[in-house]
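Got your viewer open and the selection tool ready? Let's take a walk through this one, stop by stop.

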Amino acid sequence: MKDINSLTDNKSWFELPTGPTGVRPDSPVAGQMRYDTTENVLEYYNPVVTGWKAVRSDGADYVSATGGTITTDGDYKVHTFSSSADFVVNKAGNVEYLVVAGGGGAGKGDGAVGGAGAGGFRTATDFRVEAGTFTITSGAGGTGKSSFATGGQGGDSTFSTITSTGGGGGAGGTGSAQTGASGGSGGGSNYGSSAGGSGTVGQGNDGGVGSAQTAAHGGGGGGGAGAVGSNGTTSAGGAGGAGSSSTILDGSATYYAGGGGGGAQGGSYSGGAAGTGGGGAGSSTSSGAAGTANTGGGAGGSANSTNGNNGGSGVVIIRYKFQN
């Protein structure tokens, strides 16, 4: 091995090439080293991990990025996208993400209607992002219906290769046995049904089943990210399925993607409870509650012949370490 220090005037040090990021070698080879004056770090070229890597005391290669609403939590930066925008990565690395789609809207029916399903919920850590621009989509909440029909599906939310599916609308329409729509989580079905709307595996759960048609009846609750929607009974709508929690925002557990409670026929009966995580409560006297914005919560089912409400919009949150 060549003694580099023997080629210098001072045998206690040797000098590396220096320069900004933009003047790295055009055709680098494995093992080359330099000092990057743009990032103020020592770096080396490793083609196995796709390019230049910084040498840091903790071995980490910190991500640098812009876009969305940026907050800090200790040594971490958090980018929250409550509407669609670009996430621009200036320096590659691994991130944690939460991608929640828009919740489904509630339908309008001539009897008890189902609660809407929550938007799909996907989360992971150590997700690799390379330098470049990622278009983030934060799904809109599904539209509630003012005519006799099943509620609208929530919009999908996307980040890189990750797509969360919008929540299924709560069942409405005329007559019994209307099934809630499928989605990230499925919408609840109306009275006299045999199955709720289907949820997407890995994102949510099925909606609940409406009760038998009697003098009073309840629609099924919409599915949530953490639980299926409850079935309606002859005295109440089914509760919306609970959402799932994430600590990505500030280290505290926050719930997202709760299902909407089922509606009930008749003012002396009860609408279904809202699913934890932004779901709307069902009603037996009026329109059920809307899903909460930026949670992906499904709308609550309405009383018979009452307009449906909208689902809650989704959210995309990205977190990474930026300092030691």
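Start by selecting D73: this residue is partly exposed, with a relative accessible area of 23%. Keep in mind as you click around that you're looking at a predicted model.

Now add R319 to the selection. D73 and R319 form a salt bridge, with their closest N and O atoms 3.0 Å apart. Colour the strands and you'll see D73 in strand 6 (residues 69–73) and R319 in strand 16 (residues 315–321), so this pair ties together parts that are 246 residues apart in sequence. Is R319 buried or partly exposed? R319 is buried, at 11% relative accessible area; the cut-off for buried is under 20%.

That's one salt bridge down; the structure holds six. Next stop, R24. Which residues share a salt-bridge network with R24? Select R34, D36 and E43 along with R24, and you have the linked set on screen.

Go through the contacts of R24 one at a time. Show the side chains of R24 and D36 to begin with: they meet in a salt bridge at 3.6 Å, N to O. R24 sits in the loop between strand 1 (18–19) and strand 2 (33–36), while D36 belongs to strand 2, so the bridge ties together parts that are 12 residues apart in sequence.

Then swap D36 for E43. The side chains of R24 and E43 also meet in a salt bridge, here at 2.9 Å, N to O. E43 is in strand 3 (residues 41–46) and R24 in the loop between strands 1 and 2, so this pair ties together parts 19 residues apart in sequence.

Switch on a surface and check the accessibility of these three. R24 counts as partly exposed, at 26% relative accessibility. D36, at 0%, counts as buried, and E43 is buried too, with a relative accessible area of 2%.

Last stop: hide the side chains and go back to cartoon. Select strands 5, 8 and 11, which form an open sheet in the order 5-8-11 with antiparallel pairing. The edges are strand 5 (64–66) and strand 11 (132–136), each pairing on one side only. Look along the sheet: neighbouring strands are turned by 25° against each other on average, direction ignored.

Zoom in on strand 8 (residues 85–91) and strand 11. How many bridges join strand 8 to strand 11? Five, with the two strands running antiparallel. To finish, pick A85 and look across to strand 11, where its bridge partner is I136.

Notes. Residues numbered from 1 in each chain as written. Predicted model: local features only at pLDDT ≥ 70, side-chain atom pairs only at ≥ 80, totals over all residues. Heavy atoms only, no water. Pairing = 2+ DSSP bridges. Helix = DSSP H or I, 4+ residues; strand = E, 2+ residues; numbered from the N terminus. Axes fitted to C-alpha atoms, helices over the stretch in contact; angles between N-to-C directions. Salt bridge = Lys/Arg side-chain N within 4 Å of Asp/Glu carboxyl O. Buried < 20%, exposed > 50% of the residue type's maximum accessible area, 1.4 Å probe, protein only.
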